[in-house]
Each structure stands twice: as C-alpha cells, then as structure tokens.
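Subject: Structure for you to look at

Dear colleague,

I am passing on the structure below, together with some notes on what was found in it. Please read them with the structure open beside you.

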Amino acid sequence: MCGIVGYIGNKNTKGILIEGLKELEYRGYDSAGIAVLQDDKLEVFKAVGKIKNLEEKVLQNTTCCVTPNEMSTGIGHTRWATHGKPTEFNAHPHLGIYSYVVHNGIIENYKELKEELTHAGHIFVSQTDTEVIVHLFEFYFNQSNDAQKAFDETIKRLEGAYSILLITKSEPHKIFFMKHGSPLAVAKGNDDGEIYFASSDAPLIGLANDVVYLEDGVSGVASVGNIEFSDEVKWTTLPQNKLFAQKDGYRFFMEKEIYEQKDVVIDTMMGRLKNDEINFDELDKSIIEGINEIKICACGTSYHAGLTASYLFERLSKIRCTVEIASEFRYKEPLLSKDTLFIVISQSGETADTLEALKMAKNAGLKSIAVCNVDNSSMTRVADATILLRAGIEKGVASTKAFSTQTVVLWMMALYFGKTRNVLSTEKLKTELQTLKNVPNSLKVESQLHEKCRRLSKRYLHGHGFFFIGRDVFYPLALEGALKLKEISYLHAEGYPAGEMKHGPIALADPELFTIALMPQHLHYDKIKSNVEELSARDSTICAISPISFELSDDFILTAETNHYMLEFFEMLVVLQLFSMEISVRLGNDVDMPRNLAKSVTVE
Ligand code: F6R
C-alpha cells in the first residue's frame, strides 16, 4: 500500500523525506519519489524499485534543500501500483506546471476529470488517477490566483478515497493537505516550528511527540509553526515503539491484516463497482467472446478462492468452470481448447507452479487473466490481462486479506461476465451489487466476536484432529479454515464437504474429533444441519458457526443476520482466521512466520 511523508522546516528536507520513506518500506511499494520546494526552486526525484535507487539519484543531482537553516517544504511517496505500471512517469509526486501532489487512495472519477482538463488544455504524462488532482488545482488557481481557494475547489470535485499533500510555487512555504478515506497524520516536530506528515506512525517516531490522526473530511494548510485545520482536531501523544507502530498497534501482522480486510476490499471495489454496473478497465469485453469454459489454476489459499469462484461463475455467468491445483495441472497432460478462458490466481504473482501452468495455457493459445496482488510480477507480465487485488502488501505468511480480495474480485468478474453474456437479469445484478457493497461491513471485526474466538480457542489445543465442514461455497471456505489452522497451529485439520462425511470420515468421529461446522442461514441450511446432526450423534465435539442457534453444538459462535450467503461467507472467514490465530497464540507459535513456510514459493 502506498505511503506518504511530508516536512516543513529548516533541516535537510530531502534526507528527512527519504528516511521517512524507508520507515514505510514494510508496507510494500514498487516506486518512490520526493519533491522539495525552497522559495521558487523546485526539485523532484523519482525512481522505480527500492528507496536506495531514489537515494542515489538525490545524492547525485542535488542543488537545494539539504543545508540546515534554510527553510524548505517537501513531500514524498512510496507507490504500490494500482492504476498504471510501476514506472517513473507513474511514480508520485505528480507535477502540473508549478505544483506537486502525492496521494494515497483512489480517485474514482478521474476519467471524467481528466477528459475535462484535457479539453481545457492540460497535458497528462502518467496513467495514474492521481495526476488529475494537481491539474485540477492549477486549473482553479489559474482562475483565482488564490491557492487556498483552488485547493478547496479541487477537493470538492474528487470522488473516492484519498489523502493528499500538495505543494505549489504559488505558496512555497506551505503544504496543503486533505484526508478522506486513507490515513494521514500531522505532527509537530521536536524542533522549532517544524511540521511532519505521514500516512502512518513509523516515520514520525523519534522526530515528534504530538500528533493528530486526521478524521475523514478534514483538510488544512501548514506552514512553519502553524497548522490550520478545516475542523476541530484532537492532539495525542505518539507511541514510541517502531515495530508496534508498523503493525498499527496490533500484536501480529496477521492480526493487522485480518482487521484491515474491511478497508482493503473498499479499494478492491473502487472504480469497478459503479451504481448499477460492474466495470473492469483492465478487461476488454471481447475477452469472454467465444468462450465456453473457464479454467482456474492456483495454489493454496488462492486455490480456495478459485474453488469458491467456480460456484459463482457457474451460478452467475452460466459458464462451465473447472479449478485445478497448479502443481497437478502441470503434469497431467491437460487437454486445452481455445474456447477456454484461463484464469490464474496468486497473491504474489510469482508462485512457480501457477506461473508454469499459465505459460502452458498461453502456449496452447488460450486467453488468460491473472488475478494478482503484485503488479509487474511474473504472472502479470505473462497473462493477457491482469486484475489487481489492491490489498496492499501482505506480510503475514498465512494469507488473509489476499483471500478476501480475491473472492471479491472473482465474484465481481462472475457478475461482469454474466451481464456481458446476457444471462444475468438487471434485477439480480442489482441485488448482487447491493450485497457487494455490504461486504466491508461483514469483514469488520467486532470486538465481542474476537473475544469469543479468543476464549473458545483454549478448548481446541489438543484432540486428534479437526474437520472443517461446509457445503457449496462454504466447502472451499472450510478448506481455507483448515489450512489456516494447520499453517500456524501445526494441528492436523481437514476441510471437507459436509455431505461427504458419511462416505468415510465419519468413522473418525469421537469426542476428540473437533468439527467446525459452517452453517449459513441462506445456503442449504437444512442440509448442513442434518450433516452436523449425524456427527453429533457419533459424539464428535462440535463448534457451530451460524446466525441460527443450534442446540446440538458443544460450542457456538453466533454470526450476524444478513440477507445473502456471501455476507455470511465473509463474516465466517473472519471467524476462522481469528480462531486459528488465537489457537496459535495459545500454543506459543510464531504467528507471522510459521515453521517450514515461505511467503512466496518460487520453486517447484
Ligand atoms: C496460505 C498461503 C499459501 C499461498 C500459496 C499460493 O496461507 O499463503 O497457501 O496461498 O502458496 O501463493 P500465491 O497466492 O502467492 O500464488
């Protein structure tokens, strides 16, 4: 996820910005840049790849803003590509004629604004949504000659989520800022009058004590020793532990990533879910022309997202869909025909088996799409089209937010193809879109729910095995729940289709066999209920997860009443993630770096 830093003061502004960006490296990025302004001298540096590339450029080409006792202003940014490739042109800060902007988030209406500004004579050099902000600012400034007014007019026109820092030669000693949706903090430096900005605490620690975490809708302007806010703000004291700050105060990256799912799925949907339709700029409608089958290939958690999607593609797009584990697919001598659309799913975009499967499909002449979290990764370079997850970097080895964003993207694709193929009624599409908009709410971690998982976890630290069971899309969810538990608790767990238990595994049932039953209200409730009753009759210990109370369970986790099974799916996902994490904590395991596992598996 992108990061922002800003500084006003009389220290070495470039050095401060670069050190600040280094503190944000843990969030992931693929390019970085800074812009500094001293009176009418404006300098900008951008580099693709690591911050040290940027640092080298700065050291070689500097003419201003490094010597102490000279006041300057500066803004910096690390970019995680969402609109446009990771190139220097697309890296922030973005330039108009005399102003620079850095931005986190997504400007949903950037296309309309770009068209309007292009007509007005503005020239764009990047593929990003961000560039419209600085042009819009200069468009209004050219009319009023008043920077504050121009900034206010600009932010009124922006739709989406954003935090922004803007500097301009027309007011060289100021930084204009705005926060709406993406985080932004402003802090008073320890030395006279200096002011710092950052998108999270880490760059501020040690340099400042007093901080304001801006609320949505708050904008303002800062100059040495002075910050004006558009609304009332609350000053607090900065935490002093950097690792704690990098984890946003959570105990583990995994925990942070579970909690931030509700926010990242908003980014995933942004600009793609519009009023009554789904739009993928990345896809040409013709990609589905002449296609009679979808084949999905992936590994691990991404495979589970693929399996979930296979139900949705058949149900909503009325198109045959098969899913294969990439390492199996590669050596089975698969029969591939050109009327098959090949979709690979991968958080990293580098998993060797999935990448090789994609190459095989390409060589056989199939059209392909990569659903991926890392732009410019190997899979995005091979596939015909890429849909980015926009989940930000995932640091916990056990995948969490990649799965939720993959499922959201694939569900949207199923709706998009259904509509394109004319097999989905407008009414049905409308209901599904309304449901999609409620996904962030279902992913929100309620404190009682977390506490319930924490308390229950103490009863599940032993036993001779876990069966996670579910039906339909809750079967891949059961597989995912079992995988999470295995990975970080090292306990044996299996995911199983609930209706299949009676064909063998039920022989294992006894009080030391733990059944985690996913019992959604809105998908085959009666069927799953009778499957769980069969297990209960054989004395398996049952933990039921459902919005409907179930008297035969030993433990029960109550989920919210909703009107759609996919909302139940996302809430149950959170329950399973928290449950595994709390078991792992009690067992004293390393939650973020479980034994024997790597985050990206680039070998066969
Ligand atoms: C599970 C997990 C792995 C990955 C798998 C595929 O928590 O992280 O199972 O899902 O190695 O990785 P990607 O999605 O990067 O292709």
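To begin with a single residue: which side chain of opposite charge is nearest to E571, and how far away is it? Before the answer, please keep in mind that this is a predicted model. The nearest such side chain is K444, which is 11 Å away, and E571 has no salt bridge although it is buried. The residue belongs to helix α19, which covers residues 565-586. Leaving aside residues up to four places away in sequence, E571 touches S442, L449, L558, T559 and A560.

Salt bridges do occur elsewhere, and a search of the whole structure finds 31 of them. One of them joins E480 and K484, whose side chains meet at 2.6 Å, N to O. These two residues sit four apart in helix α17 (residues 474-489), which is about one turn of the helix. E480 has a relative accessible area of 1% and is therefore buried, since the cut-off for buried is under 20%, and K484, also with a relative accessible area of 1%, is buried as well.

The pair K428 and E432 has a comparable placing in sequence, for both lie in helix α14 (residues 426-437), four residues apart, or about one turn of the helix. Their closest N and O atoms are 3.4 Å apart, and the two form a salt bridge. Here the surroundings of the two partners should be read one by one: K428 is partly exposed, because its relative accessible area is 38% and so lies between 20% and 50%, whereas E432, at 3% relative accessibility, counts as buried. A further salt bridge brings together the side chains of E260 and K256 (3.4 Å, N to O), and both of these residues are buried. There is also a network of salt bridges that links K11, D191 and E194.

Turning to the strands, you will find an open sheet of six, in the order β5-β6-β7-β8-β12-β13, with antiparallel pairing. Its edges are β5 (94-95) and β13 (226-229), each of which pairs on one side only. Within this sheet, strand β7 (residues 160-168) pairs with strand β8 (residues 175-180) in the antiparallel sense over five bridges, and a hairpin of six residues joins β7 to β8. In that pairing I164 stands opposite M178 in β8, while L165 has F177 in β8 as its bridge partner. On the pairing of β6 with β7, there are nine bridges, again in the antiparallel sense, and V101 stands opposite L166 in β7. Strand β7 is mostly covered, with eight of its nine residues buried.

Two helices are worth following against these strands. Helix α4 (residues 131-144) lies across β5, β6 (99-107) and β7, and runs at about 130 degrees to β6. Helix α5 (residues 147-157) packs on the sheet, where it touches β7, β8 and β12 (218-223), and its direction makes about 20 degrees with that of β8.

Lastly, helix α13 (residues 401-420) allows a check on its length: at 1.5 Å a residue, its 20 residues should span 28 Å, and its end C-alpha atoms are 28 Å apart, so the two values agree. Of the 20 residues in α13, 18 are buried, so that the helix is mostly covered. Just after α13 comes N422, which takes a positive phi of about 60 degrees.

With best wishes

Terms used:
Residues are numbered from 1 along each chain as its sequence is written. This is a predicted model: local features need pLDDT of at least 70, side-chain atom pairs count only at pLDDT 80 or more; totals for chains, interfaces and linings use all residues. Side-chain values use heavy atoms; hydrogens and water are left out. Buried means under 20% relative accessible area, exposed over 50%, partly exposed in between (1.4 Å probe, protein chains only). Lys and Arg count as positive and Asp and Glu as negative; His and the chain ends are not counted. A salt bridge is a side-chain nitrogen of Lys or Arg within 4 Å of a carboxyl oxygen of Asp or Glu. Contact means heavy atoms within 4.5 Å. The expected span of a helix is 1.5 Å times one less than its number of residues. Two strands pair if DSSP finds at least two bridges between them. Axes are lines fitted to C-alpha atoms, for helices over the stretch in contact, and angles run from 0 to 180 degrees between N-to-C directions.
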